[in-house]
Amino acid sequence: MPAARLVAFDLDDTLTPSKSPISPDMAQALAELLAVVPVCIISGGQLEQFTTQVTDRLDIDDDARTRLHLMPTCGTRYYRFTGGALEQVYAHDLTPQERADATTAVEEQARRLGLWEDETWGPVLEDRGSQITFSALGQRAPLEAKRAWDPTGEKKERLRAAVAPLLPGLEVRSGGSTSVDITRKGVDKAYGMTRLAEHTGIDLADMLFVGDRLDEGGNDYPVKALGVPCLAVSGAEETPAVVRRVVADITAATA
């Protein structure tokens, strides 16, 4: 694989354990990567997750931050750092009616399928403006409970399949370990990566994407289907070593 000119990452279970802060080792590896190429984070989470879990914990200067590209809510929004402050590049927000229809549909189907849990940690339904997210155990559920709820992804897929026909104008996809995400039709991680190529001038073939759900049906799969070179990881604990190998490859290629 040729040395990448930009490296993009999924967030939960790739850079960090789900909804958890980045590890010191991962933070250091990302800082090393940012010293040689731009970095993008693209995930279903909202911007606050990107900042509290990752960017606020990076020990980098403002010049390195300008090489960070943040694409929350599956690429429906795009942010860059300018002078140390985040600026929005674009946002594809749903209309109030679309958000209401999506919220109603996912709750009704989750209850009908017996997937609406009584014991939760935080909101089950979250309106993120450009995305409606259903998190079966709530946004603050402990990692162990989330991993145990749907280890095969069968529950999420049943819910996704039930909701999608009810919202023909929207995209309904399996998200993180317990979530289903609803966005505007055709706006997913592949869309985000395409827009990233337009804004940076870096061809998709010269990028590298690292994610934990590159399997068909996984929420990272659209990037793979787009033809972007990809590396799969099994969890966040594996990623620092992967990043350091990528840094070594880039450094060797540019020496």
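Is Asp13 buried or exposed? In this predicted model, Asp13 has a relative accessible area of 16% and is therefore buried, the cut-off for that label being under 20%. You'll find Asp13 in the loop between β1 (6-9) and α1 (24-34). Its backbone deserves a look too: phi of Asp13 is near 70°, a positive value in a residue other than glycine. Most residues other than glycine have a negative phi.

Stay in that loop for a moment. Lys19 also sits between β1 and α1, and Lys19 has a positive phi as well, about 60°, although it is not a glycine. With a relative accessible area of 30%, Lys19 is partly exposed.

Both of these loop residues turn up again once we go looking for pockets. Rolling a probe the size of a water molecule over the atoms shows where empty space is left. The largest pocket has a volume of about 610 Å³, and Asp13 is among the residues nearest its centre, along with Lys156, Gly176, Ser177 and Asp212. In total, 35 residues line the largest pocket. Where do they come from? At least two residues of that lining are supplied by each of β7 (132-135), α6 (143-149) and β9 (179-184), with α6 giving the most, three residues. By class, the lining of the largest pocket holds 17 polar, 13 charged and five nonpolar residues.

Lys19 belongs to the other story. The second largest pocket has a volume of about 240 Å³, and of the 13 residues that line it, the closest to its centre are Lys19, Glu48, Gln49, Gln139 and Arg140. Helix α2 (residues 47-53) provides the largest share of the lining of the second largest pocket, with four residues. Sorted by class, the lining of this second largest pocket comes to six polar, five charged and two nonpolar residues.

Now for the strands. Strand β3 (residues 68-71) is covered on both faces: Leu68 and Leu70 are buried on one side, His69 and Met71 on the other. What does β3 pair with? Strand β2 (residues 39-42) pairs with β3 in the parallel sense, over four bridges, and Ile42 stands opposite Met71 there. Strand β4 (residues 77-82) runs antiparallel to β3, and two bridges join them. In that pairing, His69 of β3 faces Arg80 in β4.

Strand β4 also leads us to the aromatic residues. The count comes to three aromatic pairs. In one of them, the rings of Tyr78 and Tyr90 have their centres 5.7 Å apart and their planes at 65°, so the pair is edge-to-face; planes over 60 degrees apart earn that name. This pair links distant parts of the chain, with Tyr78 in strand β4 and Tyr90 in strand β5 (residues 85-91), twelve residues apart. Tyr78 and Tyr90 are both buried, and for Tyr90 the relative accessibility is 8%.

Tyr90 has a further partner. With Tyr191, Tyr90 forms another edge-to-face pair, 6.2 Å centre to centre and 75° between the planes. Here the separation along the chain is 101 residues, from Tyr90 in strand β5 to Tyr191 in helix α8 (residues 189-200). Put together, Tyr78, Tyr90 and Tyr191 make up one aromatic cluster.

One last ring to find on screen is Phe81. Arg65 lies over the face of Phe81, at 5.7 Å from the ring centre.

Methods. Residues numbered from 1 in each chain as written. Predicted model: local features only at pLDDT ≥ 70, side-chain atom pairs only at ≥ 80, totals over all residues. Heavy atoms only, no water. Buried < 20%, exposed > 50% of the residue type's maximum accessible area, 1.4 Å probe, protein only. Pairing = 2+ DSSP bridges. 1 Å grid on protein atoms, 1.4 Å probe; cavity = no way out; pocket = protein on both sides within 12 Å on 5 of 7 lines; lining within 4 Å. Points joined across faces, edges and corners; volume = space filled by probe spheres on them. Nonpolar A, V, L, I, M, F, W, Y, C, P; charged D, E, K, R; others polar. Phe/Tyr/Trp six-rings, centres within 6.5 Å; stacked < 30°, edge-to-face > 60°. Lys NZ or Arg CZ within 6 Å of the ring centre and 35° of its normal.
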